[in-house]
Structures are given as structure tokens and as C-alpha cells.
Amino acid sequence: MMENIKKLAGCLRQLTCGGGDACPGNWRYLGVDLTHWDYVVALAGNPNTGKSSIFNALTGLRQHTGNWPGKTVIRAEGGFQYEHKRYKLIDLPGTYSLLSMSADEEIARDFILFGQPDCTIVMVDATCLERNLNLVLQILEMTGKAVIALNFMDEARRKNMDIDSRRLARDLGVPVVATVAKTGEGIRPLILEAVNIVTGAVKTQPHKVERSAALKQAIEELVPFIEKMCPGLPSADWIAVRLIEGDIGVREALLSGRLASWGEKKDLKEERKKGPRP
Amino acid sequence: MNEAGGIINHKEIIEHADHLRRSLQGASQEELAQAIYRDAENIFRRVVRQKGDRYGEWDRLLDRILTSPLTGLPIMVLLLAVILWITIIAANYPSQILAHALFGIENRAAILFEQWKAPWWLTGFLWHGVYRGLAWVVSVMLPPMAIFFPVFTILEDFGFLPRVAFNMDRLFQKCGAHGKQALTMGMGFGCNAAGVIAARIIDSPRERLIAILTNTFVPCNGRFPTLIMLANIFVAAAVPSVWASFAAAGAVVGVVGVGVIFTLIVSAVLSRTILKGEPSSFVLELPPYRRPNILRVLYTSIIDRTIFVLYRAVIMAVPAGGVIWLLGNIYVAGESLTSWMAGALQPLGQALGLDGVIILAYIIAIPANEIVVPVILMAYTRAGMMIEVEGLSELRHLLVGEYHWSLLTAVCLMLFSLLHNPCSTTILTIWKETRSVKWTALGALMPLGVAVGVTFIVAQTARALGWG
């Protein structure tokens, strides 16, 4: 009986929330069924940029949404299937940066760093782009496998803002998709871009923050040490910058061995991917 | 210093990094912090062109009114009162229709069972026990929830909650607590367990604990219908009918206000005793006002909240109905178990302005606050003679006439419902969040102590003054 109610609720939600028909063909909600996923996609971004709305639209789940920052405090996980590949989607807590020590920022940062998502969708509030870009640039320093979702484009238009999304994509070196999460507009192209990143069909050239020659040299000097300790870690540059800046959280990660054990985690991930398909 | 080829340990890398930082010149030092912001600003300038005014006049005006020190708080209170008033006015009629229909089914089914010569205990257990509990839950809780939740969700989607937090910030600061605690309270209106988890948005462990321990003073989904129903039956009936709905709405607002006051008092006490410290500063973003997506609001509030709460209430009410029926029909030394237990609890209940059955109901309803009133009613109708209850006015007659409820009973019950210990789910969540038996115990027992203390004082004072 509860199953039927849930099914009915699922149909209703597709009708009312627009997620379902915004999704491309060959699509299936997996909800909380997270067995045997092929790829991991993370949703990051500032608070109140519509991450949970997108998450719900993609997975058919019902995370709490509402117009206030700080709703998502735990890492929500859900799944969807697209063209016979199973995706695990992680809704990260909204943060303004990944640099300080608060619990939600640590969750978001650790996931992008250690969870090594196959693609990170960064939700951006188009109406306050400058502040949002700080986080985008921080994430791009950590991973190039990213897509920017330029959300609230309708509001930006209402606020008389003219946003050149192609220019933004060029400057950031990663795909940018304009979306209106609450109506489902743009979700389809967003997913297609994310899939392109995941499969490697699109190669990105993520923007790297410009730094002085002296600083660059210092980073270059430190990177080999980090790479030696955690071979294959794609964000060694970022860790070098953070260590030189004296980031306590990264120091901690290094001292506690979390950074060093990264390689083992990667193996674990490979293994799970190979697990039998249903 | 080692070369990259040799064996390295973590400490050496950090020392190396520290060394590099010290060797950087002043300009580069500054650059470390500024580089990202500078790049972000440059990209922003290239990408965004502002044509004309950025803020709508409307938004600015609204914010000036809603967050002004003068008008912010009164408007907040007024809005809550209006929502509750709408709920009370509109819920009355459907409640009666539902009660009429559902209890009609009970009677007809019982007669049918008799005709089929089913054993009396089966009819009793199934229809007068389990089904009646279910019928109560649906008829008294569904209509108010189906009206209250959508309206509340519209406010939430509109962007009102952060403004509430903004208005409350000064008060929380004075109490040594974090302004974001108001947001966790907003979550608590939905579910206290969710409110406890939401306290993660507070970074300082001290302030987080305060938010966790006091969250239960916000009435959750499960308790709101109880409060609304009690206000409807007792407070509304105590005043001339013209004022009835206003009085009922005012009473619920008053109860919520009492909850907020206790949140502040307890926060202040905690931050001056076992959780000493200064309130930390923070940045609270006031998001733009957004037009709520009505269909989505209806969907989330009806399916996710109303049906969810109702479902939880029903699955808890079914076993509770069974337990109540058994307690009422197992006789020991000539008295039913209900009578024994209620009798033993009577002195305590009496002292708190309640009675033994109500205390018994609270004990049975620890897993879910939703079923307190249904359990009370089931216990009454089981313990005494069978009474037909159709609609709220008859319910009032039953409680006042047969069980001597007064306005004081209703007020004490509302206060107890507001302040008492959190439900078992919330207690479990407190433990998960704090991983500490001490804080979990405090989170469960402190509110219980407050509830007992407050109702005791109210009851004794009222009686001393000759009311109730």
C-alpha cells in the first residue's frame, strides 16, 4: 500500500515539479537505490542556489527545499540512470567557500577532494555572480571535471542583468549551462554536459587563479612532495597552495593520514564500480 | 630538506610549506588571500552587464518593513496569527464531516460484526480500539494540517524565514546564543528531529548544543494539530462565538510565543552556566523574495508533510489504539488496567492541572506526539461507557461533562504539549548528533522538567485564584 502511495506521489511530483519531463530520454529515477553505480556526480554551490531542487528533479527524491540558506546540512545521496549508466548524485551542503573550518565546508571540500566525483556540478546564483565565482574558482582549482549551472537566470533578467554565459564558459574553461531549477528549464542540457564530462567526451581547461612568479615557484617546489606522498591526486597544486597559505584543515588532513590514504580509497572506488550489474 | 625522491613524512611537508610561506615577500603574502577574489571580480566584470536598477522597488520596500526593528517582530507575530486563524476557521467544517463519516463506519461495522456473530473482543479490539484511534487521528488532524502546511510552505518559499532569523538575531545574541538558531527553530516547526540536525549550520559547538537542547520548545508538525484542536475546542468555546476563531488563533500564537520565550530563557541560562561563552558573529544572507511555485508548494506540503505526518500518526495510532483497548479491557481485581494506571498517576496529573489519563497518554505517546489526544480520547471512551462522538462540539461536551475538563485543563495540556520531552525520534537524533549520553539525557529531561514546573505553577496559581 505504501509502495503504491509512493508511486502515485512520484507521478504527481513529475506533474507538479517539472523535473521528469525536463530530463532527457532513456532516463530513470533511481531514488535511494545506490547499488552498482558507474559514475559519481556531486552538486556543489553557494547556499540557496537551488542545489536541492536540481537534486530532486534528477533523482525523483524529495529533499527539503525552501527559500533560505542552510537547509541542506547533510550530504544527501540519490541516483538516476541515463543511457544504461547508473549515476550516483551527491547533494553537498551549500557553502560560500571551501577554505574555512566549518563543518559543512569540510564536508563539501572533503567530498570533492577525496570522493573524486566524476563530475561536479557547481550551482551558481546568476543574480550574485561575483560572490558565487569565488567558490567556483576554488572548486576549479581542485577539479577540472566540472560543469557550471547558471541558475536563477529568470531572476537575473528581471533584475536587468545581462549575463554573457558563453564568455563565462570561455573564461572558466568549463561548460556553463543556464538553468531555472524551479521550472526545470535547462536541466536537460545540464545533464548532457555533465555526461560529456563524465565520459571524457569533453575535455576542460579549468581556469587557474593567476599568481605571482614567486608564489608559482613556491608551489612548484612543494608539489613533487605531495605527489610523492599521494600519487595520482589531481589536486596536488591546490593542496600545495593551501599548505603554503597555512590552511589548518588541509594540514590536519595531511597529519591524520587522510590525504595519504587517498590512493587506497581510489582503489576501493574502482572495485565498487566493477561490481555485478543488476 | 629531503629531495622529492626520498622518503618523506607529513611533518616535513608542512615544515617545508611553512618555510616557503615565510620566504615569500610581503606582496606575495597578500596575494595568497586576494588572488581568487581578484580573479572572480575580473571575470564578473567581463561577463555581467547591469542595465538599469538592480533591485526592484518592491523588494526594497518589503525588506524595509519586514526587517525593521519597529515593525519586523509585530508583523511576524501577526502573520503567524493570520495563518492560524485561517487554519482554525477553515478546518472546523471538514473535521466535522470527516468525524461524522468515519465514526459512522465504526458503528455500522460493529453492528455488522455482531450480526456475523464475531466474538465481542474482536469487534472491540478492531473497531472500538484500533479503528477508532485511526478515525480520531484522521478527522482531527488532517484538515488543519492540509491548510496550515501549504500556507506555511508558501511563506518559506517566499523567503520569509531568513527575515525571521534576522529579526530574532538581537534577542538570541542577548541570550548568548547564535542568531542562526532561529533557522533551526524554523526547521523545528516541521520536525524537531530535522531541527536538531539543522543545528549543524551553527559552527560553534557551544551554540550548536544550545540550539539542539532547546529545539523541542518549538511545536512540531505532530504537536501543532493538537494545539490547534485544543484551542478550537476549549479556548474558542470560552468566548462569545463572534470572537471564537480569533481567540483560538490568539491562544496558539500565545503558546508559540511561550515556546519562543522558553527557548530564549533556557538558552540564556545554558550560556551562562554549563555552556558558557560569547555569541559568535556570522553572516546571514537574506535571499531575494521569490514567487512561490504554487503547484510545488501544494505538492510538498500535502504529500511530504501532511501525508507523512498523517501516515506516521496512523501507524503509531493503530498499535496505541490496540494497547489502550487492552489496558481498558484487562481487569485486575475488578478494575481495568487503565483505571489502575490512571489512578496511580492521578495525583501527579492533578498537581499539573491535568489528570492521570493524560499523563498515561503522554507515556504511551512517547514515540509520536501526534497521537496524544487520540490516545486520551481512546482511554476515556474505553474506560467509561461508550459514547458517540460526532464532531468537535460533542467532543467538548464529552470532555467537559464526563471528565471534568476545564479551560485550565486545556491550557495546561497545551503548555505541557509545547514544553515536554521530545519524541523518541528526536531523542535518538540528539544522541546521533552529540554522541553523548549526558547531552541526550539533558535534551530529554530538561524540557520535561520545564513542562512539569510550568504546568504545576500555572495550575496551582490558577486554583489559588479560584479559576478552574
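In this predicted model, strand β2 (residues 39-45) of chain A pairs in the parallel sense with strand β4 (residues 85-91) of chain A, and five bridges join the two. Within this pairing, L43(A) is the residue that stands opposite D91(A) of β4(A). Strand β2(A) also pairs in the parallel sense with strand β5 (residues 119-125) of chain A, again over five bridges, and here G45(A) has M123(A) of β5(A) as its bridge partner. The surroundings of β2(A) can be described through burial: because six of its seven residues are buried, the strand is largely enclosed by the rest of the structure.

Strand pairing also links the two chains, since β7(A) and strand β1 (residues 48-50) of chain B pair in the antiparallel sense over three bridges. In that pairing, D162(A) has R49(B), a residue of β1(B), as its bridge partner.

How many residues of each chain are in contact across the interface between chain A and chain B? On one side there are 57 residues of chain A, and these are in contact with 54 residues of chain B. The elements of chain A that give two or more residues to the side touching chain B include β7 (161-163), the helices α1 (2-17), α4 (103-115) and α5 (129-142), and further along the chain α7 (165-172), α9 (213-229), α10 (236-245) and α11 (248-255). Of these, α9(A) supplies the largest share, with ten residues. By residue class, the side of chain A that touches chain B consists of 28 nonpolar, twelve polar and 17 charged residues.

Technical notes: Residues numbered from 1 in each chain as written. Chains lettered and ligands numbered in written order. Predicted model: local features only at pLDDT ≥ 70, side-chain atom pairs only at ≥ 80, totals over all residues. Contact = placed C-beta atoms within 7 Å. Helix = DSSP H or I, 4+ residues; strand = E, 2+ residues; numbered from the N terminus. Nonpolar A, V, L, I, M, F, W, Y, C, P; charged D, E, K, R; others polar. Pairing = 2+ DSSP bridges. Buried ≥ 20, exposed ≤ 12 C-beta atoms within 10 Å, placed from the backbone.
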